[in-house]
Amino acid sequence: MLVTQHPVFQRFWYPVLPMAELATGPQAFTLLGQPLVLWLTADGQPAALRDRCCHRSAKLSMGMVQNGGVRCPYHGWAYDREGICTNVPQLDPGAAIPKTYRVPSYLCQERYGYVWVCLSNDPLRPLPEIPEAEDPANRLIPQFYEPWHCSGLRVMENSFDNAHFSIVHAESFGVTEQPKPAKSEIVPQELGLKVYATVPVVNPPIQQQILNIPDSLTVREVESTWYVPFSRTLKITYPNGLLHLIFTAATPISDGTSQIVQFCVRNDTEADASAESIIAFDRQVVDEDKRVLESTDYDTPVDVTVEQHMPSDQPGIVMRRQLAALIKAPFPVGTTDHTQVSAPLGS
């Protein structure tokens, strides 16, 4: 499954940049092979256009923000958030700007501290709703923002795979003496998936402090949610009532590269456990996954007959079947007179 070859993936929202990165001016990001420029408008809202001036194709991300729009670094043409050219310095004062002077614009908004973009004006699903992240009693900790050389589907399957804990995570939380995965309750959604499980885990000294649980072993009550196609939440509740919810997105840059966006939500305070220590432990876990996932084939098959499976692979099988159905369904990519999302990527 090469994501850039299937237009249906353009019809979903993806987190692409931390909002804080837009404070310094226009930024570039590639989503599904499509080069984007992102910036903050005059009202502080994010905007996204194709990162190509319609005049001579210079990268708008090399330009500057001017009067709430983005100005091309080559000849100074300026564009608003709709991609309409608002200023051409070379024209006579008062001269009309041709209506053809415009570049494609994309749906763009902020949520959970990140800029989200959809390449279609007709998304199949809204942005994920994470009530715990909206609760002012909780704290949101940004964790990781980095490219991985693997497919988003591999990352999502791994997130729901209880069978790899005792092997991949033997140095962090996996119980090596218990390779048999914990049983899960799998609840497929119309588009998506929920999985519930009780998972025994090792509780090393660093985690004992972070979790305020002095035992060397503990359990996680887990509720995992898959947001089609490449985002998930892992909601962990510990016996002492501590909530540790992890949101992870594998935003597709290209067929073989995903931008990993991860933050966590906790119902404790900095005095209980420092953000630095929480990130450090989760970094160990993430690096253990990354090492293996980057060794896999990014052309992940959605045909469930291509690779072999075992009973604990059921969440991944549900994912593959749902994505296969999406790819085969006759979903046209939505367009408007200013959003040319059906144009060849990179054109």
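In this predicted model, the protein exposes about 15,800 Å² of surface, and carbon and sulfur atoms supply 53% of that area. Buried residues account for 52% of the 347 residues in the protein. The secondary structure consists of 6 helices and 17 strands. Of the contacts between residues at least 6 apart in sequence, 60% join residues at least 24 apart.

The largest nonpolar core contains 45 residues, and those with the most contacts inside it are Phe 9, Leu 31, Leu 38, Val 115, Val 117, Phe 230 and Leu 323. Helix H6 supplies the largest share of this core, namely 5 residues. A second, separate core has 19 residues, among them Ile 210, Ile 213, Val 222 and Cys 264. When residues up to four places away in sequence are not counted, the neighbours touched by Phe 230 include Met 1, Val 3, Phe 9, Tyr 14, Leu 153, Met 156, Pro 252 and Leu 323.

Helix H6 covers residues 314–328. Its 15 residues should span 21 Å at 1.5 Å a residue, and the C-alpha atoms at its ends are 21 Å apart, so the expected and modelled values agree. The buried residues of H6 are Pro 315, Gly 316, Ile 317, Val 318, Met 319, Arg 320, Gln 322, Leu 323, Ala 324 and Leu 326. These buried residues pack against helix H2 (152–159) and against three strands, E12 (184–189), E13 (192–202) and E14 (217–227).

A salt bridge also joins H6 to H2. The side chains of Arg 320 and Glu 157 meet at 2.6 Å, N to O. Arg 320 belongs to helix H6 and Glu 157 to helix H2, and the two residues are 163 residues apart. Arg 320 has a relative accessible area of 3% and is therefore buried. Glu 157 is buried as well, because its relative accessible area is 16%, and the cut-off for a buried residue is under 20%.

Helix H5 comprises the 19 residues 275–293. The expected span is 27 Å at 1.5 Å a residue, and the distance between the end C-alpha atoms is 26 Å, which agrees. Buried positions in H5 are Ala 275, Ser 277, Ile 278, Phe 281, Asp 282, Val 285, Val 286, Glu 288, Asp 289 and Leu 293. In an α-helix there are 3.6 residues a turn, so residues three or four places apart point the same way.

Arg 283 of H5 takes part in a salt bridge with Glu 146, at 2.8 Å from N to O. Because Glu 146 lies in strand E11 (residues 139–148), this pair ties together parts that are 137 residues apart in sequence. Arg 283 counts as partly exposed, with 25% relative accessibility, whereas Glu 146 is buried at 15%.

In total, the structure holds 13 salt bridges. One of them joins Glu 129 to Arg 111, with the closest N and O atoms 3.4 Å apart. Glu 129 is found in the loop between E10 and helix H1 (131–134), while Arg 111 is in strand E9, and the two are 18 residues apart. Glu 129 counts as exposed at 53% relative accessibility; Arg 111, at 18%, counts as buried. Elsewhere, Arg 139, Arg 266, Asp 268 and Glu 270 are linked in a network of salt bridges.

The structure also holds 6 aromatic pairs. Trp 77 and Tyr 101 form a stacked pair, with 4.4 Å centre to centre and 20 degrees between the planes. Trp 77 is in the loop between strands E6 (69–71) and E7 (78–79), and Tyr 101 is in the loop between strands E8 (85–87) and E9 (105–111), 24 residues apart. Trp 77 counts as buried at 7% relative accessibility, and Tyr 101 as partly exposed at 23%.

Tyr 112 and Phe 263 form a tilted pair, at 5.9 Å centre to centre and 45 degrees between the planes. Tyr 112 lies in the loop between E9 and strand E10 (114–118), Phe 263 lies in strand E17 (residues 258–266), and 151 residues separate them. Tyr 112 is buried at 9% relative accessibility, and Phe 263 is buried at 0%. Together with Tyr 114, Trp 116 and Phe 247, Tyr 112 and Phe 263 form one aromatic cluster.

Terms used: Residues numbered from 1 in each chain as written. Predicted model: local features only at pLDDT ≥ 70, side-chain atom pairs only at ≥ 80, totals over all residues. Heavy atoms only, no water. Helix = DSSP H or I, 4+ residues; strand = E, 2+ residues; numbered from the N terminus. Expected span 1.5 Å × (residues − 1). Buried < 20%, exposed > 50% of the residue type's maximum accessible area, 1.4 Å probe, protein only. Contact = heavy atoms within 4.5 Å. Areas by Shrake-Rupley, 256 points an atom, 1.4 Å probe, with all protein chains shown as cover. Core = buried A, V, L, I, M, F, W, Y, C linked by side-chain atoms within 4.5 Å. Phe/Tyr/Trp six-rings, centres within 6.5 Å; stacked < 30°, edge-to-face > 60°. Salt bridge = Lys/Arg side-chain N within 4 Å of Asp/Glu carboxyl O.
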